[in-house]
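Got the model open in your viewer? Set it to cartoon, keep the selection box handy, and we'll walk through it stop by stop.

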Amino acid sequence: MAEKDILEKVLMAHSDVFADCENALVYGGRKRLSAEEICPAPTESFYRGKDRIHSQFEDVSAYLTEKGEIKLQFLIANETALEGRQVLRKSSYQGGAYRAQLESGRPVYPVIGMVIDWTGKGTRIPLSLHELLRREGVAEEDLEHVDDVKLEVYHMNSLSAEVRARFTSDLGFVADYLNEGSFDNRRNQKIVHAEALCEMMEALTGDVRFTDQVEELLKRQKEGEEIVMCEYIDMLEARGEARGITIGEARGEARGEARGITIGEARGENKGETRLGNLIQALLKEKKYSEIEAASKNRERRHELYRKYGI
């Protein structure tokens, strides 16, 4: 989880990705922010505990500036485990950002916060302070006198096609893959932050093919070459096919040697290998490369896939 948190921050820290995220999710696709207007803001704020002053860190924070003057501050929390009291976290982070303005002597600017959920799980956490307090049994007559705080949570694994279409940065690749399992809708889009994108994809999916391609992508970009997604897809498919062949041959060799016969005889006589080969071909056709590795390592998963594909 810690590694995922770090890699999510790395990609989101790029100003074009940050601006794109806010435009797509907060502003409904309107180009309110541009990369040129975004600059890093402090992620650390402070609060007083029982015995001393404590610090707290938001994941990513940025200012929107115009002619050198701060107009807005944005806070993004990347979460892999949403808490029932998540709205209190938002209140605390935003409170720290406003507290920093208290004695600045400069014009006061608003602070906008949101939560990005990467868990892939649904959640029913309270989405406002009032909702949380109601769950805690606070009376309505008292809530009337409590300022409310609303929690904006965006679940990256369940974004609609309409929302995902708003992304124009590398974040769009991540959103599409998490929801569709492919990059097909962005085949002609250029990859900008190759290393951050590949590492984040591996962290979210567990598929090492993504980082297998990093060095090649960085080399080509360093030479001034633009990489569009369709080329990257071809590289992934080639890597997946090579792995599928290696898995099949390795299993065939192991079984053939155990029986004291040649690889060719093992393939011809062993119905299990034919069955596995057919499964691998079906998975390759659907570009489900991670399932190929799962089938080779996990007998239970392999037989589930046999049943699913009628093999």
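**Stop 1: a buried aspartate**

Start by selecting Asp117, which is buried, with a relative accessible area of 1%. Buried here means under 20% relative accessible area, exposed means over 50%, and partly exposed is in between, using a 1.4 Å probe and protein chains only. A word on what you're looking at: this is a predicted model, where local features need pLDDT of at least 70 and side-chain atom pairs count only at pLDDT 80 or more, while totals for chains, interfaces and linings use all residues. Residues are numbered from 1 along each chain as its sequence is written, and side-chain values use heavy atoms, with hydrogens and water left out.

Now show His155 as sticks too. The side chains of Asp117 and His155 are joined by a polar contact of 2.6 Å. (A polar contact is a pair of N or O atoms within 3.5 Å; within protein, one must be able to donate a hydrogen and the other to accept it, and residues adjacent in sequence count only if both atoms are side-chain atoms.)

What else does Asp117 touch, not counting residues up to four places away in sequence? Select Glu79, Leu82, Val153, Tyr154, His155, Met156 and Asn157. Contact means heavy atoms within 4.5 Å.

**Stop 2: the sheet**

Asp117 lies in strand β6, so follow that strand outwards, with helices (H or I, at least four residues) and strands (E, at least two) taken as DSSP runs numbered from the N terminus. Five strands make up an open sheet with mixed pairing, in the order β1-β4-β5-β6-β7. Two strands pair if DSSP finds at least two bridges between them.

Which strands stand at the edges? They are β1 (38–40) and β7 (153–155), each with a single partner strand, so one side of each is left without a neighbour in the sheet. Turn the sheet and look along it: the twist averages 30 degrees from one strand to the next.

Here's what to pick out, pair by pair:

- β1 and β4 run antiparallel and are joined by three bridges; Ile38 stands opposite Leu64 in β4.
- β4 and β5 also run antiparallel, with seven bridges between them; Thr65 stands opposite Ile70 in β5.
- β6 (residues 111–117) and β7 pair in the parallel sense over three bridges; look for Ile116 opposite Tyr154 in β7.

While you're on β4, zoom in on the turn. β4 and β5 form a hairpin with two residues between them, and Lys67 in the turn has a positive phi of about 55 degrees. Six of the seven residues in β4 are buried.

**Stop 3: helices across the sheet**

Select α2, which lies across β1, β4 (60–66), β5, β6 and β7 and runs at about 90 degrees to β6. Then add helix α3 (residues 86–99), lying across β5 and β6 at about 145 degrees to β6. For these angles, axes are lines fitted to C-alpha atoms, for helices over the stretch in contact, and angles run from 0 to 180 degrees between N-to-C directions.

**Stop 4: aromatic pairs**

Rings of Phe, Tyr and Trp (its six-membered ring) pair if their centres lie within 6.5 Å; planes under 30 degrees apart count as stacked, over 60 as edge-to-face and the rest as tilted. By this rule the count comes to six aromatic pairs. Show Phe18 and Phe74 for an edge-to-face one, 6.4 Å centre to centre with 70 degrees between the planes. Phe18 sits in helix α2 (residues 15–26) and Phe74 in strand β5 (residues 69–79), 56 residues apart. Both Phe18 and Phe74 are buried.

Next, go to Phe183 and Phe210: the ring centres are 6.2 Å apart and the planes at 85 degrees, so this pair is edge-to-face. Both are buried. Add Phe173 and Tyr177, which form one aromatic cluster with Phe183 and Phe210.

**Stop 5: the nonpolar core**

A nonpolar core is a set of buried Ala, Val, Leu, Ile, Met, Phe, Trp, Tyr and Cys residues joined through side-chain atoms within 4.5 Å. The largest one has 48 residues, and Trp118, Met156, Leu171, Val174, Phe183 and Tyr232 touch the most other members. Helix α8 (residues 194–205) gives the largest share, seven residues.

Last selection: Tyr232. Leaving aside neighbours within four places in sequence, Tyr232 is in contact with Phe183, Ile191, Cys198, Phe210, Gln213 and Leu217.
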